Amino acid sequence: MTPRATWSPHVGRKRTLLVAGLTALFALLFATSPAAADLTSIATEPPNPTICDSVAVVVSGATPTPCYEIVFTELNGPVELPTMGPIPTYEIRVRIVLRHVTPPGGACPAVIQPYQKAFTLPRPLRFGTYWVRAVEYLVQDGSETPQDTLSSSFNVTFSDACPTDACILLGFGTPVGDRWCHASAPPGGRASLPITLMNPVPVGGMQTDVVSVFHRDPLAGSVRADSHLVVVPVDVVTTDRTSGFQVAWTAEGSRVRVILYPTTSGAEIAPGQGSIFRVIYQVSSHAVEQVQLVMLEETIVADPLGNTIFHCPTIRPPELTVDYGRICIGTPGCDLNEDGTSNILDIVQLVNCALAGGGSEACPDEVAARADCNGDGGVDIRDVICCIRKILGSGGFGTTDPGEGTGDPTRIGFTGPVQWITPLTGRAEVEVEPGSGFAGIDFAIDAASSGARIAGLRLLPGSGLQLESSVAPDGSSARAMLLQMGGGSSTGGEAGDAMRSDAGLVTATILVDLVPLFPVGDGGALNLVGAQSANRHAVTMPTMISSGSAPVPDLATPVTPSVTAARPNPFRDETEIAYALPAATHATLRVYSASGRLVRTLVDSAMPAGVHRAHWDGKDSTGRPVSSGIYFFRFTAAEVTRTQRLMLLR
């Protein structure tokens, strides 16, 4: 029989003592190991800072003492965050590291002691919203464990006391090519990236970090972060604008810190716009085709007396909200004849090489190596297209004398003026009449001084030729190649016969599609530039331009309000802004300083339909001349708003 359990007062007393002992032990452990700390607040001094102020971030908290001590504090930032809105946003991170300390005697009373840590931010701060994230860490066994997190935000505003009208804009110049390249290089080559400065006042020196942040692989459609493996800075050189200056630089990975300083007394960068130095990058020989993105950080610009010149902090066109430089990699020159330029002569030689095959008399091995644009080890029609795309997208091609060579010339010209088909679409026609032995022609169309912008080029069927073209991002110019491709065979045959015969070649008509840009004065004209032809032996043949201009007539009223760029810009005395309204509506046109202060209202009333022009004489609303600087005008009509930049040079 199993004995029956019975309760004993002695056993109950032992259990009661055991529970009491464990409770006391837990209480002792809890008392000697209080919570590490608490973050209580994040504040700024001054509470409502402007871009003129020195700003400190003050983080407050409380920690049990003497059980814990603060061993390390750190502030990182501000770092600009991507944003789609007009107000820039920045992030600041604060790190506070504590460790547990056992006091003498082992006793650790839970006495809560408040603390404050102040961090001075780099000056000057830019206009915008700043998010502060403070994190408290506890060091245990060599690792940091987050204990508490607190976030806050503050705004940096403008002040009339700040000299923000005399501000500067730092960037990368005007991109070229259909990939918006600021610099181009093939794998294994070198890219020269220009850093440009727009300054309405003299500059005495500057420093900045040029950072290759990531690159975009157009084939994989992805963004990658191993930029230091793709481009490596090898040199920084000054330009004509910075004569009398010297550049010092250091590099860490793909980051370049540049200091530009005067070497002679009184040297300064005169007011204006243009390149001030170039960063030279060595491109990895293993780089694939991609676009490398570069940005500027930690920039400080000083006047000749050493005072800070602020960055223009406010109203900017949408394309300037994020300033990236673009290094386009994978753009070989395709200079088969090694004359220092890549143009129609090289393309014709490449066609001949593709038709004859590598290793032949028409395509010896050394030429075939330069002709293998896609790097697949052979030369065929794919390399022809590859080189055409590379040349057209690289910003242009070298030219020769259009009258050079012998034989019947190739003729090219506009057939007449621009025709506006609808209020928003127009067209010009270019005719090409091939000469004897014709193999191809390249040319450019300049629309910069006209009241139109180029949307694209098309070839009417029936000519037996092929058209390849590239249009500048702003439509102000286009480059094109028209050539006889043959049949694309790599063995000759009928394709080779086609390249050696004029049979079937007729006058080619190229349609130039246009969109309106409302002009100041008359409509201007489109102009043919740099036309040159090559015969079937890749030798220059005569080229005659029968009609080099196509007048642009007055433009029709658009279906939505639009506004032109100011002309002239930069300006000294007066600039003009044209805008068009499809119907009567209320329109406003206002000029702002770089700090966002309203300077002058040019238009604020109901306006009839049609094209209108407003003038600004560089004076404010009281009639007083404003100082040199960067300004912005904002146009609003029928829920359409456009902002553009002005530069006044007195």
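The following questions and answers examine selected features of a predicted model.

Q: What makes Cys353 and Cys363 a disulfide?
A: A disulfide requires two cysteine sulfur atoms within 2.5 Å. The sulfur atoms of Cys353 and Cys363 are 1.5 Å apart, so the pair satisfies the cut-off. The structure holds one disulfide.

Q: Why does this disulfide tie together separate parts of the chain?
A: Cys353 belongs to helix α2, residues 344-356, whereas Cys363 lies in the loop between α2 and α3. The two parts are ten residues apart in sequence, and the disulfide therefore ties them together.

Q: Are Cys353 and Cys363 buried or exposed?
A: Both Cys353 and Cys363 are buried. The word applies because a buried residue has under 20% relative accessible area.

Q: How do you know that the length of α2 agrees with the expected span?
A: The expected span is 1.5 Å times one less than the number of residues. For the 13 residues of α2 this gives 18 Å, and the end C-alpha atoms are 18 Å apart, so the two values agree.

Q: What makes α2 a mostly covered helix?
A: Twelve of the 13 residues of α2 are buried. Among them are Ile344, Leu345, Ile347, Val348 and Leu350, together with Asp346 and Gln349. Just after α2, Gly357 takes a positive phi of about 95 degrees.

Q: Why are β8 and β13 called edge strands of their sheet?
A: The open sheet has four strands in the order β8-β10-β16-β13, with antiparallel pairing. β8 (169-171) and β13 (231-238) each have a single partner strand, so one side of each is left without a neighbour in the sheet. Neighbouring strands of this sheet are turned by 20 degrees against each other on average, direction ignored.

Q: How do you know that β10 and β16 pair?
A: Pairing requires at least two bridges between two strands. Strand β10 (residues 190-199) and strand β16 (residues 272-283) are joined in the antiparallel sense over ten bridges, so the requirement is met. Within this pairing, Arg190 stands opposite Gln282 in β16.

Q: What describes the protein as a whole?
A: Its secondary structure comes to five helices and 37 strands. Of its 650 residues, 46% count as buried. The protein exposes about 30,500 Å², of which carbon and sulfur atoms supply 53%.

Q: Which share of contacts joins residues at least 24 apart in sequence?
A: Among contacts between residues at least 6 apart in sequence, the share is 72%. A pair counts as a contact because its heavy atoms lie within 4.5 Å.

Conventions. Residues numbered from 1 in each chain as written. Predicted model: local features only at pLDDT ≥ 70, side-chain atom pairs only at ≥ 80, totals over all residues. Heavy atoms only, no water. Axes fitted to C-alpha atoms, helices over the stretch in contact; angles between N-to-C directions. Buried < 20%, exposed > 50% of the residue type's maximum accessible area, 1.4 Å probe, protein only. Areas by Shrake-Rupley, 256 points an atom, 1.4 Å probe, with all protein chains shown as cover.
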